Amino acid sequence: VMFDSCIFGAGRILNFGVLSFRQVILLLLGTSCVPLLIVNFKKIIKNKFIWIMFVIMLWLLISTIIGIKGNNKLISIDFNGFLYLIFMPLALVVLDSSKKVNILMKTMICGSAILASIIIVHLFIYIFDISMFDKIAAFEIKNNVALISHISLKIPRIYMLSSLYMIAGCAFSIYFLQSEKVLWKKWSYLVTIALC
């Protein structure tokens, strides 16, 4: 899920009916975690983050009702964005060790490095074939992956909706770089930082 988020953001490149690839993966994750949620129910209920999330979700529900009564057309977009908070209990039961958290961080490093490489490829395409760049941009805008336009004939504006994840790519790479002993892995973290 995070690998997909790091690369495509809110994009819907691959769909299964009305559901996006990420929504299908989240549904599969959710259903497969039900036994873990049941086994760890007491532990989850005692977690302060779950209670904070419950309060946030309650506030969002109240805000949504107020927004609907106020005829706010964008309220469903805002509410849908925060629905991902429902998966916090799943994260608590799945990411139950530092090893698993490290795997998640390394997955996000890979995703952010791929995203950075995609942006660099966009720049090369822009330099060598603006018409191809415009076709790619139209596809990405349509699929909610990027907001792309021209600042001038020589300068494109490339904003991938998942660009913020490149900060995680840098931060997590720096974190692992401190303790990494294997030379090629050190270089992979340095390259990721440079790309991002």
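This is a short conversation about a predicted model of one protein chain.

Visitor: What makes up the chain?

Guide: The chain has 11 helices and 4 strands. Its C-alpha atoms fill a box of roughly 60 × 55 × 30 Å along the principal axes.

Visitor: How do you know that α2 has the span expected of a helix?

Guide: Helix α2 covers residues 21-32, which is 12 residues. At 1.5 Å a residue, α2 should span 16 Å. Its end C-alpha atoms lie 17 Å apart, so the two values agree.

Visitor: Which residues of α2 are called buried, and why?

Guide: They are R22, L26 and G30. Buried means under 20% relative accessible area, so each of these three falls below that cut-off.

Visitor: How do you know that the buried residues line one face of α2?

Guide: Look down the axis of α2. The buried residues fall within an arc of 75 degrees, so they line one face. A general rule helps here: an α-helix has 3.6 residues a turn, so residues three or four places apart point the same way.

Visitor: What lies on each side of α2?

Guide: The buried residues of α2 pack against α1, β2, α3 and α7. The face turned away from the buried side carries L28, T31 and S32, which are exposed.

Visitor: Why is the set with L115 and A116 called a nonpolar core?

Guide: A nonpolar core needs buried residues of listed kinds, joined through side-chain atoms within 4.5 Å. The largest such set here has 12 residues, among them L115, I119, F133, V145 and M166. Leu, Ile, Phe, Val and Met are all on the list, so these residues fit the name.

Visitor: Which elements build this core?

Guide: α8, α9, β3 and β4 each give two or more residues. The largest share, 4 residues, comes from α8. A second, separate core has 5 residues, including M105, F176, L177 and Y189.

Visitor: What is I148 in contact with, beyond its neighbours within four places in sequence?

Guide: Its partners include H122, F133, A137 and I158. Contact means heavy atoms within 4.5 Å, so each of these partners meets that limit.

Visitor: How much space lies in the largest pocket, and what lines it?

Guide: The largest pocket holds about 1500 Å³ of space. It is lined by 42 residues, and V1, S5, R22, L26 and Y84 are the closest to its centre. α1, β2, α2, α6, α7 and α8 each supply at least two lining residues.

Visitor: How much of the chain is buried?

Guide: Buried residues make up 28% of the 196 residues.

Technical notes: Residues numbered from 1 in each chain as written. Predicted model: local features only at pLDDT ≥ 70, side-chain atom pairs only at ≥ 80, totals over all residues. Heavy atoms only, no water. Buried < 20%, exposed > 50% of the residue type's maximum accessible area, 1.4 Å probe, protein only. Expected span 1.5 Å × (residues − 1). Arc of directions from axis to C-beta. 1 Å grid on protein atoms, 1.4 Å probe; cavity = no way out; pocket = protein on both sides within 12 Å on 5 of 7 lines; lining within 4 Å. Points joined across faces, edges and corners; volume = space filled by probe spheres on them.
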